[in-house]
Amino acid sequence: MAGSIRRHWKRWLIAGVAVVAVLGIGGPYVYINYIADEPPAALSLDSPPPGSEASPDGSSGSGEQARDGVEGSWRVSSGSQAGYRVDEVLFGQNVTAVGRTEEVTGDLEIEGTRATSGTITVDLASVASDSDERDAQFRGRIMNTEQFPEATFELTEPADFGSAPDVGEQVTAEATGELTVHGETNPVTFELTAQRTADGFRTNGSIPLTFADYGVDAPNFGGITVEDEGTVEFLLAFTSA
C-alpha cells in the first residue's frame with residue numbers, strides 16, 4: 001500500500017513539474033503569438049497623428065490659412081508624438097516594446113530652406129506602453145524620471161531641405177544635434193523628413209540609441225531581457241509661433 005502511494009505521488013510530482021514547464025515555456029508563446037496585440041507600427045508621415053482629422057494633404061482641419069513660405073518661428077503643436085522602440089526577449093520569446101507620449105513641446109526657426117535652430121522636449125514620465133509593469137520599470141530604475149523627467153534634442157547644425165515643399169509634399173534633410181537622456185548628452189545625426197500641411201508642417205524621424213551611452217544599464221528584469229540598443233521615434237506637428 002505504501003509503495004503504491006509513493007508511486008502515485010511520484011507520478012503526480014512528475015506531472016506537476018511537466019505542467020509547470022509547459023506553462024513556463026508555452027504560456028508566454030501563446031500569449032505573445034495569439035493573444036497580445038501587435039506592436040504599433042513605426043511613426044510615419046503617411047498617416048495622420050492620433051486624434052486629428054487630417055485631410056489627404058496633411059492639414060489638420062483647423063481652418064488656418066497656409067503661409068506663402070515656411071520661413072519664421074514655429075512651435076510643436078497638438079498631435080505630436082515621441083517615444084521608444086526596443087526589442088525584448090520575454091521568457092524566451094522575441095517581442096518589440098513600444099512606448100509613446102503626446103507630451104512633447106518645442107520650437108524651430110527656419111530661414112529659407114534651412115532649419116537653423118530648434119529644441120524639442122519630451123516628458124518621459126508620461127511615456128506609456130501596453131504594459132503597466134514595463135512602464136513602472138521605465139519610469140523607475142531604468143530612466144529614473146523623478147530625477148531626469150525630460151529628454152531633449154537640440155539642433156546644433158542647420159538642416160537644409162533644399163526647397164520649400166508644396167502642401168502634401170515631403171522633403172528630407174540630415175539633422176545633427178545633441179540628444180540628452182537620463183542626464184547624459186551625446187551628438188546624434190539622423191534623417192529628418194518634413195511634410196508641408198495647409199497650416200504648417202510635420203516632421204518625422206528616428207534616432208538610434210545605445211543605452212550605455214546615456215548611463216542606462218540594459219534593463220533586464222523578471223524574465224525579460226532587453227537589447228542594448230533601441231530607437232527614439234517622433235512625429236511632430238508644427239504651427240506658427
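Among contacts in the chain between residues at least 6 apart in sequence, what percentage join residues at least 24 apart? In this predicted model, the share is 66%.

The elements that frame these contacts can be read along the sequence. The chain contains two helices and twelve strands, and their order follows the pattern α-β-β-β-β-β-α-β-β-β-β-β-β-β. Of its 241 residues, 38% count as buried. The chain exposes about 13,500 Å², of which carbon and sulfur atoms supply 51%.

Two residues, one in strand E12 and one in strand E2, illustrate the interior and the surface. Phe238 belongs to strand E12, which spans residues 229–240. Its relative accessible area is 4%, so Phe238 is classed as buried, the limit being under 20%. Leaving aside residues up to four places away in sequence, Phe238 touches Trp74, Arg75, Val76, Ser77, Asp107, Leu108, Ile120, Asp199, Gly200, Phe201 and Thr203. One of these partners, Gly200, stands 38 residues from Phe238 in sequence, yet the C-alpha atoms of Phe238 and Gly200 are 5.7 Å apart in space.

Asp87 offers a view of the surface. This residue lies in strand E2, which covers residues 81–90. Because its relative accessibility is 42%, Asp87 counts as partly exposed, a class that runs between the 20% limit for buried residues and the 50% limit for exposed ones. Asp87 also takes part in a negative surface patch, which it forms together with Asp213, Glu227, Asp228 and Glu229. Of these patch members, Glu229 falls within the residue range of strand E12, the strand that also holds Phe238.

Notes. Residues are numbered from 1 along each chain as its sequence is written. This is a predicted model: local features need pLDDT of at least 70, side-chain atom pairs count only at pLDDT 80 or more; totals for chains, interfaces and linings use all residues. Side-chain values use heavy atoms; hydrogens and water are left out. Patches are made of residues with over 30% relative accessible area and no salt bridge: like charges are joined within 9 Å, nonpolar side chains (Val, Leu, Ile, Met, Phe, Trp, Tyr) within 5 Å. Accessible areas come from the Shrake-Rupley method with a 1.4 Å probe; for residues, only the protein chains shown count as cover. A salt bridge is a side-chain nitrogen of Lys or Arg within 4 Å of a carboxyl oxygen of Asp or Glu. Lys and Arg count as positive and Asp and Glu as negative; His and the chain ends are not counted. The place of a charge is taken as NZ of Lys, CZ of Arg, CG of Asp or CD of Glu. Helices (H or I, at least four residues) and strands (E, at least two) are DSSP runs, numbered from the N terminus. Buried means under 20% relative accessible area, exposed over 50%, partly exposed in between (1.4 Å probe, protein chains only). Contact means heavy atoms within 4.5 Å.
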